[in-house]
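Biologist: Please take one part of this model and walk me through it slowly. I would like to see how a single side chain fits into its surroundings, and then how those surroundings fit into the whole.

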Amino acid sequence: PLIPPIFGTDESGWCTEWNPAMSKLTGLKREEVMEKMLLGEVFGTQKKSCCRLKNQEAFVNLGIVLNNAVTSQEAEKVPFGFFTGGGKYVECLLCVSKKLDREGVVTGVFCFLQLASHELQRALHVQRLAERTALKRLKALAYIKREIRNPLSGIMF
């Protein structure tokens, strides 16, 4: 339970790592994703992808993050979300760092997922619901204000 979900790729983009925590999170066994292209086959926008991303923008952003990890010096942390094999949407923080051999040559990337605790996820859900309710009330108040203004303007004229 202390080991976070981890997946990784080689320098060509093939999935080379999928730990038990990642299997538990996604519902996909290691054998199902190993030796598949991480971008497109494992994480993609098509229905045949193992873990579907929300849209093409999320797919492109993941590709950029993975490429930046290979070319830059520091690890990158970005918000990341995907649908599991069972259709559940998972929001997390993706930490990507490059994998080096003994000579310092980049051989791929390691990706760690940082998931929010159950309590934090519930608090964020309640916050989103409160924001939606506040927005609905604000729209209703603006409508009432606009409707009241018209008769008052006529009386003042």
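Modeller: Let us start with Phe82. This is a predicted model, so treat each contact as part of a prediction. Leaving out residues up to four places away in sequence, Phe82 touches Met22, Leu25, Thr26, Phe43, Cys51, Arg52, Leu53, Lys88, Tyr89, Val90, Cys92 and Leu113. Keep that list in view. Several of its names will come back.

Now widen the view to the core. The largest nonpolar core has 27 residues. Phe82 is one of the six that touch the most other members. The other five are Phe7, Trp18, Phe43, Phe80 and Leu94. Phe43 also appears among the contacts of Phe82. Several elements feed this core. Strand 2 (15–18), helix 3 (56–71), strand 5 (76–83), strand 6 (89–100) and strand 7 (106–115) each give it at least two residues. As a general rule, nonpolar side chains in soluble globular proteins tend to be buried together.

Next, follow the strands around Phe82. Strand 5 and strand 6 run antiparallel and are joined by eight bridges. Two of the pairs are easy to find. Glu76 has Val96 in strand 6 as its bridge partner. Pro79 has Leu93 in strand 6. The two strands form a hairpin with five residues between them. In that hairpin, Gly87 takes a positive phi near 95°.

Stay in this loop for a moment. Thr84 sits there, between strand 5 and strand 6. Is Thr84 buried or exposed? Thr84 counts as buried because its relative accessibility is 9%, and the cut-off for buried is under 20%. Look at what surrounds Thr84. With residues up to four places away in sequence left out, Thr84 touches Leu25, Thr26, Cys50 and Val90. Leu25, Thr26 and Val90 are also on the contact list of Phe82.

For contrast, turn to Glu35. Glu35 lies in the loop between helix 2 (30–33) and strand 3 (43–44). Its relative accessible area is 56%, so Glu35 is exposed. Glu35 is not a glycine, yet its phi is positive, at about 65°.

Back to the sheet. Strand 6 also pairs with strand 7. They run antiparallel, with nine bridges between them. Cys92 stands opposite Leu115 in strand 7. These strands form a hairpin too, with five residues between them. In its turn, Gly104 has a positive phi of about 90°.

Cys92 deserves a second look, since Phe82 touches it. The structure holds zero disulfides. Cys92 is in none, and its nearest cysteine sulfur, that of Cys95, is 8.9 Å away. A disulfide would need the two sulfur atoms within 2.5 Å. Cys92 is buried, because its relative accessible area is 9%. Cys111 is also in no disulfide. For Cys111, the nearest cysteine sulfur is that of Cys15, 9.1 Å away. Cys111 is buried as well, because its relative accessible area is 0%.

Cys15 leads to another hairpin. Thr9 stands opposite Cys15 in strand 2. Strand 1 (residues 6–10) and strand 2 pair in the antiparallel sense over three bridges. Four residues lie between them. In this turn, Gly13 has a positive phi of about 100°.

Now step back to the whole chain. The protein has four helices and seven strands. From the N terminus on, their order is β-β-α-α-β-β-α-β-β-β-α. The domain assignment gives domain 1 (6–115) and domain 2 (117–156). How far apart do the C-alpha centres of domain 1 and domain 2 lie? They lie 39 Å apart.

The overall dimensions come next. Along its principal axes, the C-alpha trace spans about 85 × 30 × 30 Å. The radius of gyration is 22 Å, whereas a compact globule of 157 residues would have one near 15 Å. Buried residues make up 27% of the 157 residues. Take the contacts with a separation of 6 or more: 38% of them join residues 24 or more positions apart.

To close, return to Phe82. Its contacts include Leu25, Cys92 and Leu113. Phe82 is also among the residues that touch the most other members of the 27-residue core.

Notes
Residues are numbered from 1 along each chain as its sequence is written. This is a predicted model: local features need pLDDT of at least 70, side-chain atom pairs count only at pLDDT 80 or more; totals for chains, interfaces and linings use all residues. Side-chain values use heavy atoms; hydrogens and water are left out. A nonpolar core is a set of buried Ala, Val, Leu, Ile, Met, Phe, Trp, Tyr and Cys residues joined through side-chain atoms within 4.5 Å. Buried means under 20% relative accessible area, exposed over 50%, partly exposed in between (1.4 Å probe, protein chains only). Contact means heavy atoms within 4.5 Å. Two strands pair if DSSP finds at least two bridges between them. Domain bounds come from an automatic or database domain assignment. The radius of gyration is taken over C-alpha atoms; the globule rule is 2.2 Å times the number of residues to the power 0.38.
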